[in-house]
Amino acid sequence: MGEPTNVAVEASGISKSFGGVLALDTVNLELRKGEVHALLGENGAGKTTLSNILAGLYRADGGTLVVDGVECEFHSPSQAIEAGVGMVHQHFRLVPPMTVAENLHLGSPDTPAVISQKKLVASARRMMEEIGLEVDPTARVWQLSVGEQQRVEILRVLARGARVLILDEPTAVLTAQEAKELFVVIRRLVASGRTVVFISHKLNEVIEISDRITVLRGGKHVVTKDAAGATPRELARLMTGEDLDYAVEHREVGLSVVLRLNDVSARNHRGIEALHGVNLEVRAGEVLGIAGVSGNGQTELSEVITGLRRANAGTITIDGVDVTHASTRDIAELGVGHIPEDRIGMGMAGSQSVKDNAILRHYRSEELSTRMRLKRGNVVEFAKRLVAAGRVQTRSINMPAGQMSGGNQQRLVAKRESMISDRLLVAAHPTRGLDVLATKEVQTAIIERRDSGCGVLMISDDLDEVMLMSDRIAVMYEGRVMGIFDRAEFDRERIGLLMGGSGHRLLPQ
Ligand SMILES: Nc1ncnc2c1ncn2[C@@H]1O[C@H](COP(=O)(O)OP(=O)(O)O)[C@@H](O)[C@H]1O
Ligand SMILES: [Mg+2]
């Protein structure tokens with residue numbers, strides 16, 4: 001003690017259980033000054049629990065915590081922050097009707113009970129300048145984007161003197177652009193000697209932003225290592241304990257066309273044209289990846305194909321059948337499945353049972369119904385089969401589907417839609433929000449469909465995923481197809497530029 005050291009926090013032998021569940025089992029963690037330290041792990045690994053202990057929200061059952069050379073025992077978040085450790089939670093704790101300046105001073109012991117708005121704003125400005133992070137202090141929180149709200153949360157913690165800032169899955173709620181901006185902020189914070197704990201299960205971003213990485217699995221510390229030189233595959237193995245094969249095989253694709261869009265235009269829900277003269281083909285047995293930043297017409301594209309949205313110009317055919325004005329049901333009956341972007345809203349009826357959701361697309365089949373009524377026994381059998389095949393973890397097929405975890409809801413929809421996709425599967429962000437193992441499962445299911453001769457149109461804003469999965473890639477920007485690439489021509493930089501609207505538009509001959 002007393003010696004200057006570069007260790008900010010030393011947690012040793014931390015254990016914590018909830019009821020019978022051992023969430024953390026004698027975990028060690030050393031955080032240095034001036035580093036971004038990632039906590040990486042699958043859902044349930046213990047990342048949030050460990051952070052909550054560091055930030056004074058939970059008390060450990062065992063272990064010791066040394067902050068800046070002093071052994072501490074926190075009984076509240078205020079004590080932790082006084083010692084210099086603060087946390088930004090997954091769900092923000094701001095007060096929406098209040099201004100940014102008011103939120104920044106909320107709960108701060110230095111703020112007098114009565115104070116003029118003008119003074120608050122001035123002091124918020126000073127604070128932002130010192131920290132190098134700006135948000136309009138007079139704006140009300142509900143008016144801010146999610147990225148800006150997150151900045152306010154970060155400011156609030158820093159304003160109270162935190163030298164160690166814990167960010168729990170901060171990018172889960174951000175767009176790709178906002179995540180980039182957050183990374184700039186994080187770099188600035190560690191450059192000033194602070195420590196940032198960055199929690200995520202996204203491998204690429206962890207490698208990009210952190211100096212060191214600690215991997216947790218099932219509540220245990222697996223390893224702490226330098227981020228430099230770490231590979232996604234290695235980290236995935238450490239997180240899951242399984243050596244997954246990430247490679248996807250790509251073969252020559254035949255010429256048989258399943259889906260064709262000819263000069264298709266469509267408006268978005270605000271009535272503004274969101275697709276402009278789109279020409280595309282999806283062939284049997286291929287994954288056509290749609291690369292693009294979210295909000296460039298991809299949602300509208302998936303909706304016009306599946307009958308959820310009307311095209312206002314152009315034609316769409318599936319196996320040569322004109323479906324431009326067909327209903328969702330008619331399109332589904334041609335063998336078209338749809339994993340929608342908004343699974344909870346559009347893919348499922350959350351208040352209905354798992355069973356009812358499982359048969360949603362099949363109940364008219366002879367297997368499940370006569371003209372008059374459902375065949376109950378077969379329905380139960382069918383639902384159980386789907387749940388097992390999709391590895392949906394559910395207590396009962398009779399429980400409301402909306403009560404399952406998001407990952408399991410997603411598995412249910414993905415399996416159900418894959419089952420009806422004899423010809424075409426339209427998959428919008430099929431792995432968004434999933435952890436490594438679940439992602440791998442969904443990707444494997446898509447590739448299996450492809451290999452059985454189904455055409456797949458896969459939309460994703462994760463360029464790594466698009467490059468991994470696709471046999472061809474179409475890039476969308478502002479409602480237009482900017483270029484179409486065969487696998488041999490995949491070029492990350494060129495595709496990235498087109499996604500941002502720069503670079504030449506490349507159209508197929
Ligand atoms: N407040 C709580 N009550 C009961 N169990 C909890 C609580 N918080 C976490 N757990 C359990 O502890 C384990 C670790 O969870 P968590 O720390 O949230 O993991 P992660 O953040 O890595 O996804 C899980 O099994 C989870 O269900
Ligand atoms: Mg968590």
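**Exercise 1. Find how many cavities of 30 Å³ or more the whole structure holds, then describe their linings.**

Solution. Keep in mind that we're working with a predicted model.

Step 1: run the search over the whole structure, and two cavities of 30 Å³ or more turn up.

Step 2: take the largest cavity, with about 40 Å³ of space in it. Its lining is made of V88, H89, Q90, F92, Q150, L167, D168, E169, P170 and V173. Sort those residues by character and you get five nonpolar, three polar and two charged.

Step 3: move on to the second largest cavity, whose volume is also about 40 Å³. Around it sit E169, T171, A172, I199, S200, H201, K202 and E205. This lining splits into two nonpolar, three polar and three charged residues.

Step 4: cross-check the two lists. E169 is in the lining of the largest cavity, and E169 also lines the second largest one.

**Exercise 2. Work out which residues touch the most other members of the largest nonpolar core.**

Solution.

Step 1: the largest nonpolar core has 50 residues, and I154, I186 and I213 come out on top for touching other members.

Step 2: zoom in on I154. Skip anything up to four places away in sequence, and its contacts are V88, L133, L165, L167, L182 and L189.

Step 3: don't stop there, since another core of 29 residues lies apart from the largest one; V264, A311, I316 and I459 are among its members.

Step 4: link back to Exercise 1. V88 and L167, both touched by I154, are also among the residues lining the largest cavity.

**Exercise 3. Identify which residues surround ligand 1, then list polar contacts to its oxygen atoms.**

Solution.

Step 1: collect the surroundings of ligand 1, namely F18, V21, A23, E42, N43, G44, A45, G46, K47, T48, T49 and Y58.

Step 2: check backbone N or O atoms. One from G44 is 2.7 Å from a ligand 1 oxygen, and one from G46 is 2.9 Å from a ligand 1 oxygen.

Step 3: now side chains. In T48, a side-chain N or O atom lies 2.8 Å from an oxygen atom of ligand 1.

How values were computed. Residues numbered from 1 in each chain as written. Chains lettered and ligands numbered in written order. Predicted model: local features only at pLDDT ≥ 70, side-chain atom pairs only at ≥ 80, totals over all residues. Heavy atoms only, no water. Core = buried A, V, L, I, M, F, W, Y, C linked by side-chain atoms within 4.5 Å. Buried < 20%, exposed > 50% of the residue type's maximum accessible area, 1.4 Å probe, protein only. Contact = heavy atoms within 4.5 Å. 1 Å grid on protein atoms, 1.4 Å probe; cavity = no way out; pocket = protein on both sides within 12 Å on 5 of 7 lines; lining within 4 Å. Points joined across faces, edges and corners; volume = space filled by probe spheres on them. Nonpolar A, V, L, I, M, F, W, Y, C, P; charged D, E, K, R; others polar. Near = heavy atom within 4 Å. Polar contact = N/O pair within 3.5 Å; in protein donor to acceptor, adjacent residues only side chain to side chain.
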